[in-house]
Amino acid sequence: MLLDLSEEHKEHLAFLPQVDSAVVAEFGRIAVEFLRRGSNPKIYEGAARKLSVSSDTVQHGVEGLIHLLTESSKLMISELDFQDSVFVLGFSEELNKLLLQLYLDNRKEIRTILSELAPDLPSYHSLEWRLDVQLASRSLRQQMKPSVTIKLHLNQNGDHNTQVLQTDPATLLHLVQQLEQALEEMKTNHCRRVVRNIK
């Protein structure tokens with residue numbers, strides 16, 4: 001699987017061939033450090049003074065490198081796919097090998113960092129449901145009042161919890177239609193591209 005690099009991302013990475021390979025390696029270290037501890041503007045300013053460029057240029061270069069490494073690590077792309085993805089940037093062979101080495105050295109750590117940053121949301125375990133129909137009451141002898149009770153069992157951090165929901169069949173039918181529409185929309189090319197970039 002190849003990475004789909006945007007034009008903005010390519011512009012940010014275009015700064016890398018203008019600097020020495022030792023600087024690119026340092027940018028890689030800064031990128032991983034950024035993921036661990038967050039942004040530090042002082043680092044950008046210090047590097048910008050040494051390279052005689054603006055701090056924005058350095059920041060964009062590091063952010064481009066962060067994006068390249070995180071997207072590659074998320075997708076766990078192979079060495080060959082990484083090389084092919086970087087090849088379209090038109091970098092020198094030496095720079096391509098350096099970027100590949102940065103990726104190979106840091107992908108496990110980046111995946112660990114990204115998994116820690118991901119929100120821990122409840123996951124589905126099981127579902128129970130019951131249909132109740134009230135046919136009459138003291139005030140109305142003939143009536144039809146259906147309701148659906150749903151007991152949803154969820155897992156979160158190894159804990160099990162239960163949510164009980166109650167609705168009428170019309171609302172449930174509308175909810176099912178909306179979910180089916182969302183599933184159909186997930187099959188479109190645009191949504192597939194978005195999901196591929198999120199992973």
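The bend at a residue is the angle between two axes, one fitted to the seven residues ending there and the other to the seven starting there. With that in hand, welcome to this predicted model, where helix α6 bends by about 55 degrees at Asn 106.

**Helix α6**

How far apart are the end C-alpha atoms of α6, and what span should its 25 residues have? The helix covers residues 93-117, and at 1.5 Å a residue it should span 36 Å; the end C-alpha atoms are 34 Å apart, so the two values agree. Asn 106, where the bend sits, is also one of the buried residues of α6. The others on that list are Leu 95, Asn 96, Leu 99, Leu 100, Leu 102, Tyr 103, Ile 110 and Ile 113. Their cover includes α2 (21-37), α4 (55-75) and α5 (79-87).

**The largest pocket**

Helix α2 turns up again at the largest pocket, which holds about 160 Å³ of space and is lined by Val 23, Glu 26, Phe 27, Ile 30, Ile 43, Gly 46, Ala 47, Lys 50 and Leu 51. The elements giving two or more residues to this lining are α2 and α3 (41-51). Which element gives the most? That is α3, with five residues.

**Domains**

Here is how the domain assignment divides the chain:

| Domain | Residues |
|---|---|
| domain 1 | residues 5-115 |
| domain 2 | residues 120-166 |
| domain 3 | residues 169-198 |

If you would like a distance to go with the table, the C-alpha centres of domain 2 and domain 3 lie 23 Å apart.

Technical notes:
Residues are numbered from 1 along each chain as its sequence is written. This is a predicted model: local features need pLDDT of at least 70, side-chain atom pairs count only at pLDDT 80 or more; totals for chains, interfaces and linings use all residues. Side-chain values use heavy atoms; hydrogens and water are left out. Domain bounds come from an automatic or database domain assignment. Helices (H or I, at least four residues) and strands (E, at least two) are DSSP runs, numbered from the N terminus. The expected span of a helix is 1.5 Å times one less than its number of residues. Buried means under 20% relative accessible area, exposed over 50%, partly exposed in between (1.4 Å probe, protein chains only). Contact means heavy atoms within 4.5 Å. On a 1 Å grid over the protein atoms alone, a cavity is a set of points where a 1.4 Å probe fits but cannot get out, and a pocket is an open set with protein on both sides within 12 Å along at least five of seven lines; lining residues have an atom within 4 Å of a point. Grid points are joined across faces, edges and corners, and a volume is the space filled by probe spheres set on the points.
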